[in-house]
Amino acid sequence: MEIFYMINSKTKLIGILGYPLGHSLSPLMHNQVLAKMGLNYVYLPLEVRPDDIAKAVEAVRVFDMLGVNVTIPHKERVTKYLDDISPEAKACGAVNLIKHTKGRLVGHNTDGDGFIAGLREDNIDYKGDILLLGAGGAAKAVGYALARAGAKSLTFLNNDEIQAAKLADYISEQTKVNCRSLLLNQANFNDIAIDIDMLINCTPVGMYPNIDAGPMADLARLKSHVIVCDLIYNPLKTKFLTLAEANSLRIVNGLPMFIHQGALTFEILTELSPPINYMKEVVLNHLVL
């Protein structure tokens, strides 16, 4: 059932900063939940080019917004425009949420905790040897959260080997968990794959509308117990997850992380607990259409 609400002079603004935003279901999910709870807020998709991010962050203050989510490609760059950042955001060097309180902008990161919450919901073990594809903001948040939650080791494969090395060194220093990095290619993947317990795609490769792309061409070296995760939720089953499923591996799509990080966002901005099952229902109803 469609939920309608009125926008008036007292409506408070929330939004998401990113570029592009055609894939994002955050506005759909949050607006439906806000309306269901009878809150006079509206959540806006705000496409912002990288060169304009400083002005966009300042606009959060100018328009007296409650706050904004931050997504690709701004998660790391926005940190220098904020008044403060939370310990989690500082530790992983990336922000996916900015809260505005009386002129002060504080950055948070709910990605890592959202990912862990999704794994716990499905009783998935995340304390083994883990391979992450990518070394951007999402990989930072998820890698840091996994290390803090008890992962045995982390390996980062990335197209920019220097970026991956910096991330591995940083998380290792912060958490004392063994981390390493290599260039992202099939040969390096094959060398590592046989020794891991979980594989996570932290890149946007395969995200709508580029659904025919995947970060790896072959997953045959993975052992049968390996859990394969993709942080992408649109589509629910990426080419990467389809390949994993073809190899009889258990898969986890990006929906649990998306829902749980969204719930944390909602709680931080509104100081209210959202209906998580309803959030999931809204997104699933859209994705299966």
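This is a short talk about a sheet, a helix and a buried asparagine in one structure.

Okay, hi everyone. Just so we're clear from the start, what we're looking at is a predicted model.

Let's begin with the sheet. It's an open one with six strands, and the pairing is mixed. Reading across, the order goes S2-S1-S3-S5-S6-S4. So which strands sit at the edges? Those are S2, residues 41–47, and S4, residues 84–85, and each of them pairs on one side only. S4 runs parallel to S6, residues 104–108, and two bridges join them. If you want to find one of those spots, look at Asp84: its bridge partner in S6 is Val106.

Now, the helices on the sheet. H1, residues 26–36, packs there and touches S1, S2 and S3, with its direction at about 170° to that of S2. H2, residues 53–62, packs on the sheet too, touching S1, S3, S5 and S6, and its direction makes about 115° with that of S6.

Next up, H9, residues 255–270. Here's a nice check you can do yourselves: at 1.5 Å a residue, its 16 residues should span 22 Å, and the end C-alpha atoms are 22 Å apart, so that agrees. Is H9 mostly covered or mostly open? Mostly covered, with 13 of its 16 residues buried. Right after H9 comes Glu271, which has a positive phi, near 60°.

Last one: Asn96. You'll find Asn96 in the loop between H3 and S5. Its relative accessibility is 2%, so Asn96 counts as buried, the cut-off being under 20%. Leaving aside neighbours within four places in sequence, its contacts include Val68, Asn69, His108, Asp111 and, from H9, Gln261.

That's me done, thanks!

Conventions: Residues are numbered from 1 along each chain as its sequence is written. This is a predicted model: local features need pLDDT of at least 70, side-chain atom pairs count only at pLDDT 80 or more; totals for chains, interfaces and linings use all residues. Side-chain values use heavy atoms; hydrogens and water are left out. Two strands pair if DSSP finds at least two bridges between them. Contact means heavy atoms within 4.5 Å. Axes are lines fitted to C-alpha atoms, for helices over the stretch in contact, and angles run from 0 to 180 degrees between N-to-C directions. The expected span of a helix is 1.5 Å times one less than its number of residues. Buried means under 20% relative accessible area, exposed over 50%, partly exposed in between (1.4 Å probe, protein chains only).
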